[in-house]
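Please open the structure in your viewer and keep a selection tool at hand, since this tour moves from one selection to the next and says what is found at each stop.

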Amino acid sequence: MYCRACGYALWSISPGRCPECGEPFAPTQFSFRPGVVKFLCPHCKQAYAGTDPFGLPAPSHFMCARCGKPVSADCMIALPGDGIPEEATIARDALWPDRKRIGRRRAFFTTVACAMVQPERFEGDRLRRGDVGEAIGFASLVSLGAIVPNALLLFLAEAMMSGLSAWLALRLVGVCVGFAIAYPVIVVSVWAIVTHLLLKVIGRPTEGFSATYRAMLYGQGALLVAAIPVMGWVLAATWVLAASTFAVSAAQRVGAARAAPAVLALPGLLIAGIVVVFVLSVM
Ligand SMILES: [Zn+2]
Ligand SMILES: [Zn+2]
C-alpha cells in the first residue's frame, strides 16, 4: 500500500494523510490479495483479516469484538499479515490506480485488457473511489497510443505522394497528438454528460455523474486496438461502445439493456448525421 501521490509506504500508519506529502489516504482506496493483509481496530489494535474480494475487511462497518466500539474499514491500520512478504499483498487484479505499486506499463496494459474483456470490473470499489483525473490520464495515453502510429503512417504516405513538406507533416502530427491528449476531456466528457442525462431518464443511476464519466474513461481502453492500421478503427470503435456500455451499466447498477441506449445515443446520432451529409453530397 503506497501513497498515490509520492509512493511512500503506508503500512502500519493510521489512515489520514501521507506523512511524506500530505495526500489523504484510507486502506479502502486500495485492493489486496484476499486474506493476506490484516487490519487493526483503531481503538484497541485488535487484528482482523481482509477477506472481501478486494482483500478488505468484510463487513466494512462493524463493532469491534474486543473493545465493543464501532469500527469502519476506512479508519483501520493496514499491514501485511504475519509472515507474509509485502509483495504477496499485491492484488492479482491490480489496475491503473495501482500503477505506482505494480509499475506503469503493467498497470496500463492490465487496464486495457480489462476494458476489452471485463469492462464490468471497473465497478470495483477501488476504482469507484479513485479520482477522475487519473482515469483521464489513462484515456489520454490510450488515445495517444491509438492515434500516433496512424497519424505517422498517414502523413508519411501523404508526404511521399504529394510532396507535403516535412515541416507541415510534422505540424499535422502535432495537431493529432494534441487532439489525442485532449480527447478524454473534450470528447469523452460531452459523451458522458449526454449518457448520464439519458441514463437518468431511462434507468436509475445509483451514482453521480463522475461515476459515469470514470467508467467511460476506462472503457476507452479498447481504443488501443485502433493502433492496428486501417481496419483497427472499425474494430476499436465497436469495442469501445461495448466496453463503455458494460462499464457504465456496472458503475451505475443499471441493466446493460438500459445502459446501451444511453451510451450509444450520441455516437449513433453522429454516425447518422455523417451518413445524411454523405448521401446529400452524393445526390
Ligand atoms: Zn505521499
Ligand atoms: Zn477494538
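## A sheet, a core and a helix pair

Begin by selecting Leu40 together with its bridge partner in β4, which is Ala47. The model is a predicted one, in which local features need pLDDT of at least 70 and side-chain atom pairs count only at pLDDT 80 or more, while totals for chains, interfaces and linings use all residues. Residues are numbered from 1 along each chain as its sequence is written, and chains are lettered from A and ligands numbered from 1 in the order in which they are written.

Extend the selection to strand β3, residues 37-40, which pairs with β4 in the antiparallel sense over 3 bridges. Two strands count as paired if DSSP finds at least two bridges between them, and the element names refer to DSSP runs numbered from the N terminus, with helices being H or I runs of at least four residues and strands being E runs of at least two. Within this pairing, Lys38 stands opposite Ala49 of β4.

Now add β7, which pairs with β3 in the antiparallel sense over 4 bridges; here Val37 has Pro80 as its bridge partner. What is the strand order of the open sheet of 3 strands? The order is β4-β3-β7, with antiparallel pairing. The edge strands, each pairing on one side only, are β4 (47-49) and β7 (77-80), and the twist averages 35 degrees from one strand to the next. Angles of this kind run from 0 to 180 degrees between N-to-C directions, with axes taken as lines fitted to C-alpha atoms, for helices over the stretch in contact.

Color the side chains of β3 by face: Val37 and Phe39 belong to the covered face, whereas Lys38 and Leu40 belong to the uncovered one.

Move next to the turn of the hairpin that β3 and β4 form, with 6 residues between them. Select Lys45 in that loop, where phi is near 65 degrees, a positive value in a residue other than glycine. Most residues other than glycine have a negative phi, and most peptide bonds are trans. Lys45 is exposed, with 12 other C-beta atoms within 10 Å; a residue is buried if 20 or more other C-beta atoms, placed from the backbone, lie within 10 Å of its own, exposed if 12 or fewer, and partly exposed in between.

Continue to Pro59, which is placed in the loop between β4 and β5 (61-63), and display the peptide bond that leads to it from Ala58, which is cis with omega near -5 degrees.

Zoom out to the whole chain, which the assignment divides into domain 1 (16-91) and domain 2 (105-282), the bounds coming from an automatic or database domain assignment. The C-alpha centres of the two domains lie 35 Å apart, and the C-alpha trace of the chain spans about 80 × 45 × 30 Å along its principal axes. Buried residues make up 34% of the 283 residues.

With the chain in view, select the largest nonpolar core, which has 64 residues, those with the most contacts inside it being Met216, Leu217, Ala222, Leu223 and Ala247. Such a core is a set of buried Ala, Val, Leu, Ile, Met, Phe, Trp, Tyr and Cys residues joined through C-beta atoms within 7 Å. The core lies between domain 1 and domain 2, because both give residues to it.

Center on Ala247, which touches Pro119, Glu120, Phe122, Ala215, Met216, Tyr218 and Gly219, not counting residues up to four places away in sequence. Two residues are in contact if their C-beta atoms, placed from the backbone, lie within 7 Å.

Where is Arg253 to be found? It is in the loop between α7 and α8, and its phi is near 50 degrees, a positive value in a residue other than glycine. With 14 C-beta neighbours inside 10 Å, Arg253 counts as partly exposed.

Finish by showing α5 and α8 together, whose axes come within 8 Å and cross at roughly 145 degrees. For the contact itself, select Trp191, Val194, Thr195, Leu198, Leu199 and Ile202 of α5 with Arg258, Ala259, Pro261, Ala262, Val263, Ala265 and Leu266 of α8.
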